[in-house]
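Trainee: I am new to this structure and would like a close look at a single part of it. Could you walk me through one spot and its surroundings?

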Amino acid sequence: MKTTNKKTNILITGAGLCGSLLGLRLAQRGYHVDILEKRPDMRKAVVDGGRSINLALSDRGLAGLKLVGLEEKVRELCIPMHGRLIHDVEGNTFASNYSGRDGEYINSISREELNKLLLDEADKYEDAHIDFDDAVTSVDLKNATVTYRDSETDTEKEWKADILLGTDGAGSVVRKAMMKQRDYLFSHSMNWLPHGYKELSIPPTDDGKWRIEKNFLHIWPRGGFMLIALPTGR
Ligand SMILES: Cc1cc2nc3c(=O)[nH]c(=O)nc-3n(C[C@H](O)[C@H](O)[C@H](O)COP(=O)(O)OP(=O)(O)OC[C@H]3O[C@@H](n4cnc5c(N)ncnc54)[C@H](O)[C@@H]3O)c2cc1C
């Protein structure tokens, strides 16, 4: 097994929620971390409006954020949801708690705001570098080397690290390389949901009030499809 030291160069693919949190934590631990992210910097450009749906952030999710010292800042972005509020076809509602444990609830948080916060915090560390607009195109796992499209020069370049960590999401190039390069036991299966989703907004009333109860995750279950609503904004 490779031993790590503080001069270990770690390369992470993808600066989404996992990549930016992981990069931040490793920089805090004194490692040199580079992250290659295929999209533009979401703090400077509108990246993808269709993925703006809020996240339900549990105590488990908060534990990771606490580890990097961000619990308080993250809580400022959260709207507590004390349970699910189920809406049936007759218009009746039923509340169902998230947890049997006292005082535990789940939070609604903007994915974008959370990701931006993690990127800002990672940027504070000299040893953390994030390169945006650079898509990883292939991966050599044995040599911890990736090929990526360098947006500045519009050419393919190679990046060799000591350790490579893949956090490049559902269509991960790193995972595909693990499947193809079968040098060790690796089992994998992928199932795509047949559903799509559309995002709708329920604006506040004219006098700025919530139209439905604020502190719930609303669900309209209808068999093969459903509508959900999470509180957002302040
Ligand atoms: C509709 C929907 C609702 C969800 N709701 C919740 C929820 O309420 N609560 C919850 O906990 N989870 C929820 N999830 C799951 C959650 O979004 C994922 O678990 C989480 O985003 C995974 O984070 P990640 O960093 O691994 O991947 P991602 O957030 O997908 O980030 C991957 C990053 O890698 C980048 N990337 C991809 N390919 C490359 C490449 N080749 N080179 C360089 N960069 C690359 C991408 O641009 C992206 O920035 C939801 C998911 C969906 C789709």
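**A close look at D41**

Mentor: Let us begin with D41, which is buried, at a relative accessible area of 8%; buried means under 20% relative accessible area, exposed over 50%, and partly exposed in between (1.4 Å probe, protein chains only). Before we go on, please keep in mind that this is a predicted model, in which local features need pLDDT of at least 70 and side-chain atom pairs count only at pLDDT 80 or more, while totals for chains, interfaces and linings use all residues. Residues are numbered from 1 along each chain as its sequence is written, and side-chain values use heavy atoms, with hydrogens and water left out.

Where does D41 sit? Its place is in the loop between β2 and β3; strands (E, at least two residues) and helices (H or I, at least four) are DSSP runs, numbered from the N terminus.

Now look at the partner of D41. The side chains of D41 and R43 meet in a salt bridge, at 2.9 Å from N to O. By salt bridge we mean a side-chain nitrogen of Lys or Arg within 4 Å of a carboxyl oxygen of Asp or Glu. While D41 is buried, R43 counts as partly exposed, at 26% relative accessibility.

R43 also reaches another acidic side chain: D123 and R43 form a salt bridge of 2.8 Å, N to O. D123 lies in helix α4 (residues 111–123) and R43 in the loop between β2 (32–36) and β3 (55–57), so this pair ties together parts that are 80 residues apart in sequence. D123 is partly exposed, with a relative accessible area of 41%.

If you step back a little, these pairs belong to a network of salt bridges that links D41, R43, K44, D120 and D123. The structure as a whole holds 12 salt bridges. Another of them joins E121 and K124, whose closest N and O atoms are 2.9 Å apart. Here too you can compare the two ends: E121 counts as buried, at 12% relative accessibility, whereas K124 is exposed, with a relative accessible area of 55%.

So, to retrace the path, start at D41 in the loop between β2 and β3, follow its salt bridge to R43, and then cross from R43 to D123 in helix α4.
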